[in-house]
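Hi everyone, thanks for coming. I'd like to walk you through one structure today, so please have a look at it before I start.

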Amino acid sequence: MEIKAWAIKQYKQGLTKYTYEKNVGENDVLIQIKYCSLLKADIFFIDNFWGDTKYPLVPSSEMFGVVVKKGKKVNNIKIGDYVGVGYQTDACLKCTSCREGKEQFCNKQRVIAIHENGGLAKHIIVNSNFVYLIPSNLQKPEYVSLLGYGLTSYSAIKHANLKKGMAVGVVGLGNLGHIAAQILVSKNHTVTAFTHTEEKTTQLKKIGIRRFINPLNEKDLDKNKGTFDYILVTTYHDYDWSKFIELLKPEGNLHFIGLPNKNISFPAILLADYARRTVSGSYIGSRKEMKELLLFAEKKNIRALTQVFSISEVSKAISILRNNKGPFNIVIKISV
Ligand SMILES: [Zn+2]
């Protein structure tokens with residue numbers, strides 16, 4: 001069938017209407033899209049920042065919609081269900097990672113922007129194993145980014161095994177960071193936000209963040225040496241990462257879910273000197289974690305601070321994101 005979408009047809013071109021052919025396979029569902037997000041990560045794909053974008057590119061890796069057709073082997077989803085799709089759209093479900101419930105590490109996985117067209121479209125066809133039922137309380141634009149940035153944050157924080165009362169920090173309080181910070185706050189951690197954007201602090205206080213440190217202020221960083229158990233990096237900005245390792249307690253962990261532009265470098269002695277500090281990273285999360293997150297988000301009201309744009313304003317939204325002038329989260333209304 002013909003899918004109507006919006007795409008960047010070639011590198012450096014603007015967004016235009018685009019149609020592509022795809023049929024509903026026996027394990028697939030056809031979803032009529034209601035909302036999709038536009039993230040800074042979409043701009044990186046549009047601009048081929050990581051070098052692996054396939055054009056034509058239909059952006060958006062987080063979307064909500066309603067199932068309008070399903071393949072004959074689909075029995076986990078019904079026609080009329082309100083569902084969500086995130087960055088990962090398929091995996092082999094047979095390899096060791098898949099069998100261990102870590103299908104986000106599958107070598108044969110398929111993801112939006114590299115293997116699949118995204119959610120900036122009237123419809124999308126996705127394997128039903130990677131389609132998630134959205135609880136009725138969450139069927140609003142501010143919850144769309146749970147599917148990507150929410151999952152990435154939730155999975156990283158879950159695997160950190162943080163204990164009650166641990167001192168935690170979040171570096172970068174943009175779209176990804178403000179969702180991660182809410183998850184940490186809702187788990188009763190005292191969260192320090194490392195941000196140099198003062199205009200954001202009023203809104204960040206509203207979502208429960210009480211403590212702020214400017215990561216560019218060396219004196220403030222020095223004063224807090226050795227005081228953090230866990231620091232989650234959600235930014236693509238480059239900082240002097242040795243300063244952040246120095247902020248960690250002897251068994252502290254600096255964990256990257258944002259990907260800074262340049263190589264990370266620091267003296268190895270900072271990991272080992274009277275300490276067992278670690279630096280780590282992670283990528284999205286599993287299907288099980290997505291289901292856990294949706295329940296957790298409903299209970300704790302984890303949501304993105306969102307501005308909704310109409311489809312006619314999508315080029316404006318891309319330009320706002322490219323210039324870093326946007327609200328925390330942008331969602332495009334496709335058909336509501
Ligand atoms: Zn696999």
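Let me begin with a question: how many bridges join β3 to β17, and do these strands run parallel or antiparallel? Four bridges join them, and they run antiparallel. Two strands count as paired if DSSP finds at least two bridges between them. Helices (H or I, at least four residues) and strands (E, at least two) are DSSP runs, numbered from the N terminus.

Before going on, a word on what you are looking at. This is a predicted model, in which local features need pLDDT of at least 70 and side-chain atom pairs count only at pLDDT 80 or more, while totals for chains, interfaces and linings use all residues. Residues are numbered from 1 along each chain as its sequence is written, and side-chain values use heavy atoms, with hydrogens and water left out.

Back to β17, then. This strand covers residues 329-333, and four of its five residues are buried, so the rest of the structure largely encloses it. By buried I mean under 20% relative accessible area; exposed is over 50%, and partly exposed is in between (1.4 Å probe, protein chains only). On the β3 side, C36 has I332 as its bridge partner in β17. β17 also pairs with strand β16 (residues 306-310): five bridges join these two, which run parallel. There, S310 stands opposite K333 of β17. To get from β16 to β17, the chain passes through helix α10 (residues 314-322), and this β-α-β crossover is right-handed. Right-handed here means that, with the strands pointing away from the viewer, the path from the first strand over the helix to the second runs clockwise.

Please keep I332 in mind. Which residues touch the most other members of the largest nonpolar core? They are L120 and I332, in a core of 94 residues. A nonpolar core is a set of buried Ala, Val, Leu, Ile, Met, Phe, Trp, Tyr and Cys residues joined through side-chain atoms within 4.5 Å. Strand β3 (residues 28-38) gives this core its largest share, seven residues. Both domain 1 (2-145 + 304-333) and domain 2 (151-281) contribute residues, so the core lies between them. Apart from it lies another core, of 16 residues, including V171, F194, L221 and L248. As for I332, its contacts (heavy atoms within 4.5 Å) include K34, C36, L120, F309 and A317, leaving aside neighbours within four places in sequence.

Now the overall layout. The chain is divided into domain 1 and domain 2, with bounds that come from an automatic or database domain assignment. Taken over C-alpha atoms, their centres are 28 Å apart. Eleven residues from domain 1 and twelve residues from domain 2 take part in the contact.

UniProt has its own annotation, from an unreviewed entry. It places "domain: Alcohol dehydrogenase-like N-terminal" at residues 25-135, a span that is 10% helix and 32% strand, with end C-alpha atoms 26 Å apart. It also places "domain: Alcohol dehydrogenase-like C-terminal" at residues 176-296. That span is 36% helix and 22% strand, and its end C-alpha atoms lie 17 Å apart. UniProt positions are given in the numbering used here, feature names are shortened, and annotations may be inferred rather than shown by experiment.

One residue to find in the helices is S153, in α3 (residues 149-159). Is S153 buried or exposed? It is buried, with a relative accessible area of 0%. Not counting residues up to four places away in sequence, S153 touches L176, I179, A180, I183 and I257.

Let me finish with some backbone details. Most residues other than glycine have a negative phi, and most peptide bonds are trans. Here, the peptide bond from Y55 to P56 is cis, with omega near -5°. P56 sits in the loop between α1 (40-46) and β4 (63-70), and S60 is found in the loop between α1 and β4 too. Phi of S60 is positive, near 95°, and S60 counts as buried, at 0% relative accessibility. K12 also has a positive phi, near 80°. K12 lies in the loop between β1 (2-8) and β2 (15-21) and is exposed, with a relative accessible area of 69%.

Thanks for listening!
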